[in-house]
Amino acid sequence: MAKGDTEVVIVGGGAAGIAAGRRIMDAHLDCLVVEARPRLGGRAWTMRGNSAFPIDLGCGWLHSADRNPWRDIAEAQGCSIDTTPPPWTRRSAPIGFPPSEQTSFLQALQEFHQQLHSRPEQEPDVPAATVLEPLGQWNALINAISTYANGAELDRVSARDVSRYDDSGVNWRVVEGYGTVIAAHGAGLPVMLGQPVRLIDRSGRRLRVETAGGAITADSAIVTVPSGLLAEERLLFTPPLPEKTEAAAGLPLGLADKLFLALAEAEEFDKESRLFGRTDRSDTGVYHFRPFGRPQIEAYFGGRLAAELEAGGDLAFADFAIGELVGLLGSDFAHRVKPLHLHRWGVDPFARGSYSHALPGKADCRGVLAAPVDDRVFFAGEACSRSDYSTAHGAYLTGVAAAPDDFNYPCGWWPKPAASAAPRSVRPSSPAEYASFPIVSVRYTPSSNLPAIRFTAALAAMLSPRRARKPIAA
Ligand SMILES: Cc1cc2nc3c(=O)[nH]c(=O)nc-3n(C[C@H](O)[C@H](O)[C@H](O)COP(=O)(O)OP(=O)(O)OC[C@H]3O[C@@H](n4cnc5c(N)ncnc54)[C@H](O)[C@@H]3O)c2cc1C
């Protein structure tokens, strides 16, 4: 291949782009990852800086760890997996939140989730806030939880989208950092760093991908940039793809930011314990004490509060966090904490937010966004996942699904001539068809090195109507 020429250009070197690149390399095809930042990983970012320990400023939890492909990859890299259950599965420290109130809150939260997940698919979508108990005592705190989980308050979140989210309930961590694992998985990939793609010209026989450093020609492209950037048309297509812009606008990135604080005399607090700043309002932080037993606090802020704090600059986060902690633990506590690290994901030009949520009525935008165009422009990234969206493993699975593996595999949509032997009719061809089609999902088989591809409902129905709701084992 000539310089500036490749078979597959991958736009974005985050979890999805790296997964796609590795898959393509394993298939002995030529690819090039073009990444805007000076580093790989995107919203997966472990940094050490002035901390004695690695700190994950983006993803930290291996959600659905029992089926999360990054877990095996981390282990293969020699990283250590910490299986301590997360603080949100246990009671909080009884400071400002008496045990009896915690019982009442957990019951209200459980009922809220049951209501959300029992909504039939055929019912019209509503804002998730609609499902709250009218004037419920714990509505504000449930809303705060939504700002951490979705990056947005419940009035902006689609009930249907949340009900489709699939979580196995197993949440583990990587001691060396989740971001470390994801970036290391990209080692050996052909990569151009610091090159924001401005335009993908698909008017010619070959694609022309324009970056600040020049143009790249390619047969196919896998676009993995965050949905918010597609909605804002920071990356343009010619001819334009208005259906992608519209779909991406239905899947904005919510906002969640972490502030890490060093904690003196940390032993006074239980390892892996948690405090809510307030329990009577939604604009509050949640504080994870001694993650991994380290003398630190990981403070988490989401939704409108995070947006307000971002507008105030880095110091606004520390002021707010220390104010809440002092309110709970007394004025001397201010002398025991020191800000370490923070990243404002909302003003990050290559993220513009933390993770996607669907606006009410827009859950099916995930399928529209994921649909390939002309069999040569493919889309991946967490926002393209129907049931693992907002996560690093969801991003991985969409990246793998967008990349070729085995040309003889019946679900291959790969545009190269070799793929023509494979029956491609099982994959929907138009965006509209794709939107109504339960996406072919890529599930991970922990015992193998490669994800095994399984087909979900629609294909299962074609093969065996009685198994229509269940994936067929590969
Ligand atoms: C604070 C926070 C906490 C989180 N916690 C968790 C967690 O505990 N567990 C979990 O699973 N997930 C978590 N996530 C979400 C997870 O990090 C993301 O879902 C995942 O990393 C997204 O991967 P991606 O490849 O889809 O997108 P990205 O990582 O955003 O990758 C896209 C890449 O495209 C690049 N790019 C953008 N524009 C251009 C352009 N024009 N040209 C070229 N490149 C471009 C970006 O720089 C980026 O590297 C968290 C995220 C945040 C911010």
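How many residues surround the ligand, and which are the closest? I started there. The model is predicted. I counted 42 residues around the ligand. The closest are Gly12, Gly14, Gly42, Cys59 and Thr391.

I then asked which elements give two or more residues to this shell. They are α1 (15-26), β14 (256-263) and α12 (392-402). I also sorted the shell by class. It has 21 nonpolar, 14 polar and 7 charged residues.

**Entry: the ligand and the domains**

Where does the ligand lie with respect to domain 1 and domain 2? I checked the bounds of both. Domain 1 covers 5-44, 177-252 and 354-463. Domain 2 covers 87-170 and 256-342. Both give residues to the shell, so the ligand lies between them.

**Entry: the sheet with β14**

β14 came up in the shell, and I followed it into its sheet. This is an open sheet of 5 strands, in the order β15-β16-β17-β14-β18. The pairing is antiparallel. Why is one side of β15 and of β18 left without a neighbour in the sheet? β15 (273-276) and β18 (337-342) stand at the edges, and each has a single partner strand, so one side of each stays without a neighbour. From one strand to the next, the twist averages 25 degrees.

I looked more closely at one pair. β14 and β17 (residues 296-302) are joined by 7 bridges. Opposite Ala262 I found Gln296 in β17.

Next I looked for helices on this sheet. Helix α4 (residues 139-149) packs on it and touches β14, β15, β16 (286-289) and β17. The direction of α4 makes about 100 degrees with that of β17. Helix α9 (residues 303-312) also packs on the sheet, touching β14 and β17. For α9 the angle with β17 is about 105 degrees.

**Entry: the sheet of β5, β6 and β7**

I moved to an open sheet of 3 strands. Its order is β5-β7-β6, with antiparallel pairing. β5 (61-62) and β6 (81-82) are the edge strands, each with a single partner, so one side of each has no neighbour in the sheet. I found 2 bridges between β6 and β7 (residues 172-174). Ile81 stands opposite Val174 in β7.

Which residues of helix α2 (residues 69-76) are buried? I listed Pro69, Trp70, Arg71, Ile73 and Ala74. They pack against β5, β6, β7, α6 (178-185) and α12. I had already noted α12 as one of the elements in the ligand shell. After α2 comes Gly78, with a positive phi near 90 degrees.

**Entry: β9 and its partners**

β9 (residues 197-201) pairs with β10 (residues 207-211) in the antiparallel sense, over 4 bridges. The two form a hairpin with 5 residues between them. I picked out Asp201, whose bridge partner in β10 is Arg208. β9 also pairs with β12 (residues 236-238), here in the parallel sense and over 3 bridges. In that pairing, Ile200 stands opposite Phe237.

**Entry: Gly228**

Is Gly228 buried or exposed? I placed this residue in helix α7 (residues 227-231). It has 21 other C-beta atoms within 10 Å, so Gly228 is buried; the cut-off is 20 or more. Leaving aside neighbours within four places in sequence, I listed its contacts as Pro252, Leu253, Arg352 and Gly353. I also checked Ala383, which is 155 residues from Gly228 along the chain. The C-alpha atoms of these two are separated by 9.5 Å.

Technical notes: Residues numbered from 1 in each chain as written. Predicted model: local features only at pLDDT ≥ 70, side-chain atom pairs only at ≥ 80, totals over all residues. Pairing = 2+ DSSP bridges. Near = placed C-beta within 6 Å. Nonpolar A, V, L, I, M, F, W, Y, C, P; charged D, E, K, R; others polar. Domains from an automatic or database assignment. Axes fitted to C-alpha atoms, helices over the stretch in contact; angles between N-to-C directions. Contact = placed C-beta atoms within 7 Å. Buried ≥ 20, exposed ≤ 12 C-beta atoms within 10 Å, placed from the backbone.
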